[in-house]
Amino acid sequence: MSHESTHTARGIVAAPHALAVEAGRQVLAEGGNAVEAALATAAAIAVVYPHMNHLGGDGFWLIREPNGRVRYIEACGYAGARATIKSYRDAGYDTIPERGPLAALTVPGLVGGWGLALEAARAAGGRLPLPRLLESAVQHARAGVAVTRSQAQLTADKLAELKDAPGFSAQFLVDGKPPEVGHIQKAERLADTLEHLGRAGLEDYYRGDVAHEMAADMERIGSPVTRADLERYRAVVREPLSVDLPEGRIFNAPPPTQGLASLLILGLYSRLGVKRAESFDFIHGLVEATKRAFLVRNEVVRDFEHLKHDPAHFLTPAALDADAARIDRRRALPWPQPAKRGDTIWLGAADASGLVVSYIQSIFFEFGSGCVLPRTGILMQNRGASFSLDERAVNPLTPGRRPFHTLNPALAVLRDGRVMAYGTMGGEGQPQTQATIFSRHVLHGVPLGEAIERPRWLLGRTWGSTHTNLRLENRFDEDVVRALVSAGHDLEVLPEAFSDTMGHAGAVIYTPKRDLEGAHDPRADGGAAGI
C-alpha cells in the first residue's frame, strides 16, 4: 500500500492521480519549470478526477520563488448578482440548497488563478505555450479516462441527490446508472473548451466566447451567476499568512480560507514539547490544538474584505503562548463544534532552481453542484452552499461576497534551507492532516513517505461524511487508543487501515543541495514523479 518517496535532480510533481502526475512530469522533461508543471497537472486532474475538482471550481496557490519571495494567489469567486437572501427566502428556502442550479451561485475563480500562475511561470523563465500546458488535459478529455474507484463509489453513494442536477446524468452516468470502475468516460465538450482556452487565452473564460456560452447555460438552468459577474471577476495576489516556529516559517492562505487554522495548529502544538510521534501526547496534543484552532477559525474567517479581526494577531508568540496554556495535556475538550465539509485535490511541484509550488483546487462537495453546463462541459461548484441565509451570521449570503473556504495550500521555508510544499483534500481534515505530516516529518524526523503513509485521524466532518467525532484508522497502537478514550475523546476506530476519510495528502521538498523529494498518499490514485 506504500507510496515511497521519489528523489530527483531537476524537477518533481506530486498529485492524487497518475495521469495528472505524468502530465506535469512531461512538462518538466520538456524544460518547463515547476509552475508550468503544476499548471499542466492542474488542468489534467480537472479532467481525470472530475468528482474532486473541475473548471467550475476555485483554486489557491503558494509559489516560492528562487529569490525567496512567497507569492499567494487567491482564485475564489464571489456570489452572483442574483444570489440574495431574499431570493432564497422567497423561494421557500431556510438554507442554501447543496445541489442543483441554486447551489451553483458563485463565480468559478480557478481559471483566473491559472492566468496569474501562468504570469508567475513566465516571470520565472517559463516559455512553454499555453496550448502545450493544456495538451494532456485536452487529450484525456477527448479520448476518455477510466473511472476510478472513488469516482464510481461516490457516484453511487450520492446518486439520489445528483441525478436530477442539469447535465449530470448525461456526463457522469451510464444509461442512468453509476459507471463501473474502469469505464471509459469521455468529456468532449470540456475538451473543446480547454482547446479553445489554449488558443484564445485564459481570459476568454470570463470575457470571451467561453464566458458567453457559460452565461447562457447558467441563465437557462437558473443559476444566480450572470455574464456581468463573470466579466467583473479577477483573481488576486495577496500576502500569505505565516507563523514562525523554531524550525522555520510556515506559510498558508489568508481568509476566506481556513489557512489560519492550519497555522494555529502547528503554532500551538510546537509549544507542547511533545517528544515522540504516534504517542498519546502526539495525537492528543494535535487534536486539542485543532479544537482551539477551529474555535478561532469559526469566529474570524470570512471574506478578506469583510474581516473584523486581523488574522495575523492570532499567530503572534504572545497569542499562541496564551492559547497553548489553555490546552489540558491529559483531558479532551468537549466536542463537536460546527464542522466544515469539502472535496478537493492538492498538488505540488518543485524544480532545481528553487521554484516550489503548493496548489489546491476544488468544487466543494463531491461533484459540486452537480450541474454540468452543456455547451462547455464545465461542472459548477457549490461553494456558495457555505453561506448563511441569516444576515447576522459570520458569512451571510450577499452578492459579491466570497464564501468560507476549507481549501488551504501549505508551504514551509525551513531554517536548514529546505522548502516543503504540502497539502491534502478533505474539508475539516485539511488542517489536521497538514499538521500531522509536518509534525511527523519536520519535528519528529519521520521520513517523508512514511509520514504520509502512517495511520491518521480526523476530528469532525470531511468529504462525504456527517460524523463529528474523532475517527482513527485501525493501525494505531491499542494502548494509545485506550489512553485517548480514557482522556475523554469521543473516539471511533475505522475498519480500514487506509481510509479515504483521511484525505489524499502529498508533499514535495527542495533542498539547499538542489535535491528534490516528493511523496503522495497511498489512499489516492496518484504518486510523485520527476526527472
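**Backbone, strands and cores of the predicted model**

Just after α4, Gly125 adopts a positive phi of about 100°. The model is predicted. Helix α4 itself covers residues 110-123. Its 14 residues reach 20 Å from the first C-alpha to the last, close to the 20 Å expected at 1.5 Å a residue. The helix is mostly covered, with 10 of its 14 residues buried. Among them are Leu110, Val111, Gly112, Gly113 and Trp114. Leu116, Ala117, Leu118, Ala120 and Ala121 are also buried. An α-helix has 3.6 residues a turn, so residues three or four places apart point the same way.

The overall fold comes next. The protein has 19 helices and 21 strands. Its radius of gyration is 21 Å, close to the 24 Å given by the globule rule for 531 residues, so the protein is as compact as a globular protein of that length. The C-alpha trace spans about 60 × 55 × 45 Å along its principal axes. Of the 531 residues, 64% count as buried. The accessible surface comes to about 18100 Å². Carbon and sulfur atoms hold 49% of that surface. Among contacts with a separation of 6 or more, 73% link residues 24 or more positions apart.

In soluble globular proteins, nonpolar side chains tend to be buried together. The largest nonpolar core of this model has 87 residues. Leu55, Trp61 and Trp114 touch the most other members of this core. Helix α2 (residues 34-48) supplies the largest share, 13 residues. A second, separate core of 59 residues includes Leu268, Leu272, Phe294 and Ala519. Within the 87-residue core, Leu55 shows how distant parts of the sequence meet. Leaving aside its neighbours within four places in sequence, Leu55 is in contact with Leu110, Val111 and Trp114, among others. Those three residues are buried in α4. Further contacts of Leu55 include Ala46, Pro108, Leu190, Leu194, Leu197, Tyr205 and Ile378.

Trp61 lies in strand β3, between residues 58 and 64. All 7 of the 7 residues of this strand are buried, so β3 is largely enclosed by the rest of the structure. In a regular strand the side chains alternate between the two faces of the sheet. Both faces of β3 are covered. One side carries Asp58, Phe60, Leu62 and Arg64. The other carries Gly59, Trp61 and Ile63. Strand β3 has two antiparallel partners described here. With β11 (residues 356-364), β3 forms 7 bridges. Arg64 has Val356 as its bridge partner in β11. With β4 (residues 70-75), β3 forms 6 bridges. Trp61 has Ile73 as its bridge partner in β4. β3 and β4 make a hairpin with 5 residues between them. Gly68 in that turn has a positive phi of about 100°.

Strand β2 (residues 11-15) is also mostly covered, with 5 of its 5 residues buried. Gly11, Val13 and Ala15 are buried on one side, and Ile12 and Ala14 on the other. β2 pairs with β21 (residues 527-530) in the antiparallel sense, over 4 bridges. Ala15 stands opposite Gly527 in β21.

Helix α15 runs from residue 280 to residue 300. Its 21 residues reach 30 Å from the first C-alpha to the last, close to the 30 Å expected at 1.5 Å a residue. Of these residues, 18 of 21 are buried.

Some loop positions depart from usual backbone geometry. Most residues other than glycine have a negative phi, and most peptide bonds are trans. Glu278 is not a glycine, yet its phi is positive, at about 70°. Glu278 sits in the loop between α14 and α15. With a relative accessible area of 17%, Glu278 is buried, because the cut-off for burial is under 20%. Phe367 also has a positive phi, near 65°. Phe367 is found in the loop between β11 and β12 (372-373). At 0% relative accessibility, Phe367 counts as buried. The peptide bond from Pro255 to Pro256 is cis, with omega near 20°. Pro256 belongs to the loop between β9 (248-252) and α14 (259-269).

Gly445 lies in the loop between α17 (429-443) and α18 (448-453). Its relative accessible area is 57%, so Gly445 is exposed. Gly445 and Arg276 are 169 residues apart in sequence. In space, 9.5 Å separates them, C-alpha to C-alpha.

Technical notes:
Residues numbered from 1 in each chain as written. Predicted model: local features only at pLDDT ≥ 70, side-chain atom pairs only at ≥ 80, totals over all residues. Heavy atoms only, no water. Buried < 20%, exposed > 50% of the residue type's maximum accessible area, 1.4 Å probe, protein only. Pairing = 2+ DSSP bridges. Expected span 1.5 Å × (residues − 1). Core = buried A, V, L, I, M, F, W, Y, C linked by side-chain atoms within 4.5 Å. Contact = heavy atoms within 4.5 Å. Rg over C-alpha atoms; globule rule 2.2 N^0.38 Å. Areas by Shrake-Rupley, 256 points an atom, 1.4 Å probe, with all protein chains shown as cover.
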